[in-house]
Amino acid sequence: MALLQHKNDLSKNLKVKAAHLVSRDDIVPKTQSVTFTRNLRVDNHITNQVAALLDLGIADNTKALISDLVQTRISHLTPEDQNRLQKIINSLEMKDFYTVQSKNNRRSNK
């Protein structure tokens, strides 16, 4: 209520200037990358296709093959969709980072 009770004769030309500016990076730390193993669930047909591509020597391992396939698909997206995709990926990466941080904090508090 105190904010609403003010004198009506305040100067409209009064300029307020912040003494210190704070950026988002000062409050929220930049997300660091975390990497951990995660499984993808696919049916046996996709598993067989991946195994066959590996047998042909398309890639050295499953991770490299899937990464290459994903990057190829991303390169065919429109710039707008690539931008949207990058924002979604950044959000998911941030979620992973904070999940790992939270787990580490719980372990250290035990």
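Of the 110 residues in the protein chain, buried residues make up just 5%. Keep in mind as you look around that this is a predicted model. The chain as a whole exposes about 10800 Å², and carbon and sulfur atoms supply 54% of that area.

Let's start with the overall plan. The secondary structure comes to 4 helices and 0 strands, and reading along the sequence gives the pattern α-α-α-α. Try finding the helices in the picture before you go on, since they will serve as our landmarks.

Next, let's look at the places where opposite charges meet. How many salt bridges does the structure hold? There are 2 salt bridges. One of them joins Arg38 to Asp96, with the closest N and O atoms 3.3 Å apart. Arg38 lies in the loop between α1 (24-27) and α2, while Asp96 lies in helix α4, so this pair ties together parts that are 58 residues apart in sequence. The two partners also sit in contrasting surroundings. Arg38 has a relative accessibility of 57%, so it counts as exposed, because the cut-off for that word is over 50%. Asp96 has a relative accessibility of 13% and therefore counts as buried, a word used for values under 20%.

The other salt bridge is formed by Arg84 and Asp81, whose closest N and O atoms are 3.0 Å apart. Where do Arg84 and Asp81 lie? Both are in helix α4, 3 residues apart, which is about one turn of the helix. Arg84 counts as exposed because its relative accessibility is 54%. Asp81, at 31% relative accessibility, counts as partly exposed.

Now let's turn to empty space. Rolling a probe the size of a water molecule over the atoms shows where such space is left. The largest pocket in this model has a volume of about 1200 Å³. Its lining is made up of 28 residues, and those nearest its centre are Phe36, Arg38, Leu40, Lys63 and Ile66. You have met one of these already: Arg38 is the residue that forms a salt bridge with Asp96. Three helices give two or more residues to the lining, namely α2 (44-55), α3 (62-75) and α4 (79-108). Which element gives the most to the lining of the largest pocket? That is α3, with 8 residues. Sorted by chemical character, the lining residues divide into 15 nonpolar, 8 polar and 5 charged.

Some nonpolar side chains can also be found on the outside. Leu40, Val42, Ile46, Ile66 and Val70 make a nonpolar surface patch of about 420 Å². Two of its members, Leu40 and Ile66, are also among the residues nearest the centre of the largest pocket. Another member, Ile46, is found in helix α2. With a relative accessibility of 39%, Ile46 counts as partly exposed, because this value falls between the 20% and 50% cut-offs.

Stay on helix α2 for one last stop, where Ala51 is found. Ala51 is partly exposed, with a relative accessible area of 37%. How far apart are Ala51 and Leu65 in sequence and in space? They are separated by 14 residues in sequence and by 10.0 Å in space, C-alpha to C-alpha. Find both residues in the structure and trace the chain from one to the other.

Notes:
Residues are numbered from 1 along each chain as its sequence is written. This is a predicted model: local features need pLDDT of at least 70, side-chain atom pairs count only at pLDDT 80 or more; totals for chains, interfaces and linings use all residues. Side-chain values use heavy atoms; hydrogens and water are left out. On a 1 Å grid over the protein atoms alone, a cavity is a set of points where a 1.4 Å probe fits but cannot get out, and a pocket is an open set with protein on both sides within 12 Å along at least five of seven lines; lining residues have an atom within 4 Å of a point. Grid points are joined across faces, edges and corners, and a volume is the space filled by probe spheres set on the points. Ala, Val, Leu, Ile, Met, Phe, Trp, Tyr, Cys and Pro count as nonpolar, Asp, Glu, Lys and Arg as charged, and the others, Gly among them, as polar. Patches are made of residues with over 30% relative accessible area and no salt bridge: like charges are joined within 9 Å, nonpolar side chains (Val, Leu, Ile, Met, Phe, Trp, Tyr) within 5 Å. Accessible areas come from the Shrake-Rupley method with a 1.4 Å probe; for residues, only the protein chains shown count as cover. A salt bridge is a side-chain nitrogen of Lys or Arg within 4 Å of a carboxyl oxygen of Asp or Glu. Buried means under 20% relative accessible area, exposed over 50%, partly exposed in between (1.4 Å probe, protein chains only).
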